[in-house]
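Here are my notes on the model you asked about. Keep the viewer open while you read, and find each residue as it comes up.

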Amino acid sequence: DRVRWCVLNLVPARDGWRVGGLRFFARLSCAQELFGQAIASGYAQGHEPQSAVSTSDVSSFWQASCKQCGINRAWIGLSLSRRDPQPRCVQLWQFPSDAWFASQVSVQVHVDDSTGGSWLEVNSFHSLNLGVWDNLHIWGPLPMQFLLANGIPNSTNNGSFSVNQIWRIVNGAVVQRSWTVRHLRFFEVDDLNVDGCASQ
């Protein structure tokens, strides 16, 4: 049994899409690399997905089979064993030319069913870079449809969370001068009481 993961272009790539490196990791810190079978939507001759997947050598690259790739036309990824941990970080290195580049991508996971299955978006990422490694962190729970199809418990429904999750507070409006936070504390949902947050 395999679980397929991919990175999909969310914007057109003018001459096509070239990826020099794609690596998947089990930890949000981009540690504990995962290995499997390189997969892709297609490829130009001599630029198979194996040229880019699970390697730090960016001298070679995968090139999508499409020319002037439209939105959601090209993807490259990794097929993992169901026994492997789920990815929490993806590192992506794109060819250093804006003609072969996607500034926005989606990380997706495939769910199999009787009709052949479908891809589900896990996270999307914007304002990516050329010629450097982008760290794409996969936050929070995976899509419910994927969890149910694979018999994985949804950790957010039972009050527990997976190891090494990172939580943050982000300003939702423009701060005119500066933003000062005096105290920030986190509490377990099950330990809330009528008087306020009780247990950290």
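The points below go from the whole chain down to single strands and residues.

1. First, a reminder: this is a predicted model. The protein is built from one helix and 12 strands. Walk along from the N terminus and you pass ten strands before the helix, with two more strands after the helix: β-β-β-β-β-β-β-β-β-β-α-β-β.

2. Now some overall numbers. There are 200 residues, and 38% of them count as buried. The accessible surface adds up to about 11,700 Å², and carbon and sulfur atoms hold 48% of that. If you take the contacts with a separation of 6 or more, 69% are between residues 24 or more positions apart. So don't expect to understand this chain by reading along it bit by bit; look at which strands sit side by side, starting with an open sheet.

3. In what order do the five strands of the open sheet stand? They go β4-β6-β1-β8-β9, with antiparallel pairing. β4 (37-40) and β9 (118-125) have a single partner strand each, which puts them at the edges; therefore one side of each has no neighbour in the sheet. On average, and ignoring direction, neighbouring strands here are turned by 25 degrees against each other.

4. Zoom in on the β4 edge. Its partner is strand β6 (residues 75-81), and four bridges join the two in an antiparallel way. To see this for yourself, find Ala-40 and look across to Ile-76 in β6, which stands opposite.

5. Next, Gln-108, which belongs to strand β8 (residues 105-111). Why does Gln-108 count as buried? The cut-off is under 20% relative accessible area, and Gln-108 counts as buried because its relative accessibility is 11%. Its side chain makes a polar contact with the side chain of Ser-106, at 3.2 Å. Beyond its neighbours within four places in sequence, Gln-108 is in contact with residues including Arg-4, Trp-5 and Cys-6, as well as Trp-119, Leu-120 and Glu-121.

6. Strand β2 (residues 18-25) deserves a look of its own. Eight of its eight residues are buried, so "mostly covered" is a fair label under the cut-off of under 20% relative accessible area. β2 pairs with β7 through six bridges, in the antiparallel sense. Two bridges also join β2 to strand β5 (residues 62-63), again antiparallel, and two more antiparallel bridges link β2 with strand β3 (residues 33-34).

7. Here are some landmarks for those pairings. Arg-18 faces Gln-63 in β5. Val-19 has Gln-94 as its bridge partner in β7. Phe-25 stands opposite Glu-33 in β3.

8. That brings us to Gln-94, in strand β7 (residues 89-94). Is Gln-94 buried or exposed? Buried, because its relative accessibility is 0%. Its side chain makes a polar contact with the side chain of Trp-17, at 2.7 Å. Leaving out residues up to four places away in sequence, Gln-94 touches Trp-17, Arg-18 and Val-19, among others, and its list also includes Phe-101, Ala-102 and Leu-128.

9. One last distance to check in the viewer: Val-58 and Gln-94 are 36 residues apart in sequence, yet their C-alpha atoms are 8.9 Å apart in space.

Notes:
Residues numbered from 1 in each chain as written. Predicted model: local features only at pLDDT ≥ 70, side-chain atom pairs only at ≥ 80, totals over all residues. Heavy atoms only, no water. Buried < 20%, exposed > 50% of the residue type's maximum accessible area, 1.4 Å probe, protein only. Contact = heavy atoms within 4.5 Å. Areas by Shrake-Rupley, 256 points an atom, 1.4 Å probe, with all protein chains shown as cover. Polar contact = N/O pair within 3.5 Å; in protein donor to acceptor, adjacent residues only side chain to side chain. Pairing = 2+ DSSP bridges. Axes fitted to C-alpha atoms, helices over the stretch in contact; angles between N-to-C directions.
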